[in-house]
Amino acid sequence: MHSRDLAARFEAYSDWRRRLSAGISGLHEWLSQQELTDAHADLRVQHLLERLHQDKLVVAFVAEFSRGKSELINAIFFADFGQRLLPSSAGRTTMCPTELLYDSTRPPSIRLLPIETRARAGTVSEFKNYADEWVTLALDLSSADKMSEALSQVSHTKRIPLILARKYGLHEDAQVMTPVPVEEARVDIPCWRHAVINFPHPLLQQGLVILDTPGLNAIGTEPELTLNLLPNAHAVLFILAADAGVTKTDIDVWRNHLVGDNPATKEGRLVILNKIDGLWDELRTSAEVESEIAHQVRTSAQLLELPPAQVFPVSAQKALLAKINGDDVLLAKSRLPQLEAALSSELIPAKRHIVGSATQVEIRALAAGMRAILANRIAGIHEQLAELRGLRGKNQDVVEHMMERIQQEKNVFERGMQRYTAVRTVFTQQTAALYECIGLETLRETAADTRKRIEASPFTKGVRSAMNDFFARIYGGLEQSARQTGEIHDMMIAMYV
Ligand SMILES: Nc1nc2c(ncn2[C@@H]2O[C@H](COP(=O)(O)OP(=O)(O)OP(=O)(O)O)[C@@H](O)[C@H]2O)c(=O)[nH]1
Ligand SMILES: [Mg+2]
């Protein structure tokens, strides 16, 4: 079956990554045995291995509400559960961006970030560092019912005063048609700002991350999605519905959030024309139905300025049903297997290529360093050999004298080598300290602190003093880094001059 194909290909990719890591560890071990590594090379290998270990493949599902994103995720990834796992129903269902992933250091759970955090400074990524800001519900894997009940949290909403909703940056420009004054009007808002489902599904265990998004409104209002999650996704599946056709809001989402002016950004974008079962009309021949589907694919492709081969007509709902009932005829009719085949044959090799080239660059740099060390060693050996050749035929005394000299030179060289290694270790430490003074992380912390202070100060004076302190800290950091650079410079001069 094709979903097995997707799983098998993904597994093969993970296996390749594991073998690559094992190869790099083996190489590193061998280099250490040959005394060809130093602190710098060790750090490089360590970073490379960490990157390979944490490598993720992010697939995002984006569309207007009710096009069938959640249903498609259920059909592609979770049909084995024998029921609908993510909530999917008519009208708006998924109310907050939802990440599905597996982190083995945590128990299976759904973690939810309250919507109220929108009134405070900090992005979703920043909040991810503070566990106590999140509400965590355990997932009971032995009961599909209990699981889908816990997962239904992503569709929860609550009714609050409009004024408050605006404070959260929601309903800012909504024309609320109520008979009551704005001060008394109430609106429904999502309970949660973001959800992370930690779930030991085999594909997620291997590093797949699925991102389910709510319909249009939320894409515009949550900067995390537009600035971070979507641009970093390796593939984005954009979903249209055959019953709705391509609407103006569909085109807005596509243009504003998925493709920029650069045609290259269309890479890794698959368009899905969902709900084709709506066109399965018993009063028409199958040829007529086929031609109607083909027509819709062509028009959608035209409107989105894509080749028709990049549009996949499917029925997510029928595919889910077919997989649950083991109905291969219905599954073929749902055309999901074609989409899954495209996903596995395009996405995974592309990802493997990216990871492979990045690793190659690192290993080449490592090898170049090793070659330089080896070349030095060979040069040393040649020199010694030449001296030894010169000794041929000389008398005992001269030989002893020369041997003594060579021994002394060797001692000097070894002391020099020790000093060099020590200086290199200090250099690595000092560069790390330098990054700490002027690194992005420090700048971010300073900016966040300042923002907090500015928000908390009722008067301009407070704002000004916060800004002055901000620049003072930045200058302080720069001065500190200049001192640090000076120290590094002096150290190098002392070493080499
Ligand atoms: N007939 C038919 N209905 C479908 C299909 N896929 C999804 N639906 C239905 O369409 C409705 C919306 O599906 P969802 O999966 O909730 O859509 P969504 O895009 O996740 O919507 P939001 O979460 O609100 O953004 C549900 O009632 C689904 O059962 C399909 O292929 N055929
Ligand atoms: Mg949904």
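1. A donor here is an N, O or S atom within 2.8 Å of the metal (3.2 Å for Na, K and Ca); water is not among the atoms, so sites may look incomplete. This is a predicted model, in which local features need pLDDT of at least 70 and side-chain atom pairs count only at pLDDT 80 or more, while totals for chains, interfaces and linings use all residues. Residues are numbered from 1 along each chain as its sequence is written, chains are lettered from A and ligands numbered from 1 in the order in which they are written, and side-chain values use heavy atoms, with hydrogens and water left out.

2. The magnesium ion (ligand 2) has as its protein donors Ser70 (OG) and Thr94 (OG1), which lie 2.0 to 2.1 Å from the ion. The pair links distant parts of the chain, 24 residues apart: Ser70 sits in helix H3, Thr94 in the loop between H3 and strand E2 (98-101). Both residues are buried (under 20% relative accessible area, 1.4 Å probe, protein chains only).

3. Ligand 1 has 22 residues around it, and Ser66, Lys69, Thr93, Thr94 and Asp277 come nearest (a residue is near if one of its heavy atoms lies within 4 Å). This shell divides into 4 nonpolar, 12 polar and 6 charged residues. Helix H3 (69-77) and helix H12 (316-325) each supply at least two shell residues, and H3 gives the most, with 3.

4. Polar side-chain atoms of Ser70 and Lys275 lie 2.9 Å and 3.0 Å, respectively, from an oxygen atom of ligand 1. For Asn274, a polar side-chain atom lies 3.1 Å from a nitrogen atom of ligand 1. Taken alone, ligand 1 exposes 650 Å², and the protein buries 90% of that (Shrake-Rupley method, 1.4 Å probe).

How values were computed
A polar contact is a pair of N or O atoms within 3.5 Å; within protein, one must be able to donate a hydrogen and the other to accept it, and residues adjacent in sequence count only if both atoms are side-chain atoms. Helices (H or I, at least four residues) and strands (E, at least two) are DSSP runs, numbered from the N terminus. Ala, Val, Leu, Ile, Met, Phe, Trp, Tyr, Cys and Pro count as nonpolar, Asp, Glu, Lys and Arg as charged, and the others, Gly among them, as polar. Buried means under 20% relative accessible area, exposed over 50%, partly exposed in between (1.4 Å probe, protein chains only).
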